[in-house]
Amino acid sequence: MLDCTKIKTFTPIIPAGTGPTFTNAHEALLDMIHDMNESSGGTFSFDEENKVAAFMNHVLSVSDWIDGTYPIFPDYELEVKTMQKWQFDQMPEFDGY
């Protein structure tokens with residue numbers, strides 16, 4: 001039986017393309033920040049990346065955003081989309097990536 005519960009998903013759009021789809025805004029922001037860090041030479045540790053993602057999620061209240069695509073940094077966007085749980089579950093492995 002299909003689970004029709006509605007869930008909010010967060011998909012980072014990075015210069016290399018669309019990232020994995022997450023059900024947690026923090027993880028999507030972390031993916032974005034990690035990509036930025038790697039492409040700029042990797043000066044932040046994972047701990048620091050995690051703290052920046054948590055700070056952004058808290059200050060911007062990303063989890064409360066309505067469906068749409070939002071620019072976060074130049075060349076980095078976040079797609080917020082509400083979908084049914086069964087749709088998310090049928091996405092490819094690795095959180096919809």
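## Exercises on a predicted model

At 19% relative accessibility, W65 counts as buried. This value comes from a predicted model.

**Exercise 1.** Classify W65 and Y70 as buried, partly exposed or exposed. Then describe the aromatic pair they form.

*Solution.*
- Step 1. Recall the cut-offs: buried is under 20%, exposed is over 50%, and partly exposed is in between.
- Step 2. W65 has 19% relative accessibility, so W65 is buried.
- Step 3. Y70 has 23%, so Y70 is partly exposed.
- Step 4. A pair of aromatic rings is described by the distance of the centres and the angle of the planes.
- Step 5. The structure holds one aromatic pair. W65 and Y70 form this pair, with 4.7 Å centre to centre and 50° between the planes. The pair is tilted.

**Exercise 2.** Which members of the largest nonpolar core touch the most other members? Which element gives the largest share?

*Solution.*
- Step 1. The core has 17 residues.
- Step 2. F10, L29, M32, V62, W65, I72 and L78 touch the most other members.
- Step 3. Two or more residues come from each of β1 (6-14), α1 (25-39), α2 (46-60) and β4 (76-84).
- Step 4. α1 gives the largest share, six residues.
- Step 5. Now take I72. Leaving out residues up to four places away in sequence, I72 touches M32, M56, W65, E77 and L78.

**Exercise 3.** Compare the expected span of α2 with the distance between its end C-alpha atoms. Then find where its buried residues lie.

*Solution.*
- Step 1. α2 has 15 residues, and the rise is 1.5 Å a residue.
- Step 2. The expected span uses one less than the number of residues. That gives 21 Å for α2.
- Step 3. The end C-alpha atoms are 21 Å apart, so the two values agree.
- Step 4. The buried residues of α2 are E49, A53, M56 and N57. Viewed down the helix axis, they fall within an arc of 95°, so they line one face.
- Step 5. These buried residues pack against α1 and β3 (68-73).
- Step 6. On the face turned away sit the exposed residues K51, F55 and H58.
- Step 7. Just after α2, S61 has a positive phi of about 50°.

**Exercise 4.** Place K81: which strand holds it, and what does it contact?

*Solution.*
- Step 1. K81 lies in strand β4.
- Step 2. Its relative accessibility is 40%, so K81 is partly exposed.
- Step 3. Setting aside neighbours within four places in sequence, K81 contacts I7, K8, T9 and D67.
- Step 4. K81 and E38 are 43 residues apart in sequence. In space, they are 27 Å apart, C-alpha to C-alpha.

Terms used: Residues numbered from 1 in each chain as written. Predicted model: local features only at pLDDT ≥ 70, side-chain atom pairs only at ≥ 80, totals over all residues. Heavy atoms only, no water. Phe/Tyr/Trp six-rings, centres within 6.5 Å; stacked < 30°, edge-to-face > 60°. Buried < 20%, exposed > 50% of the residue type's maximum accessible area, 1.4 Å probe, protein only. Core = buried A, V, L, I, M, F, W, Y, C linked by side-chain atoms within 4.5 Å. Helix = DSSP H or I, 4+ residues; strand = E, 2+ residues; numbered from the N terminus. Contact = heavy atoms within 4.5 Å. Arc of directions from axis to C-beta.
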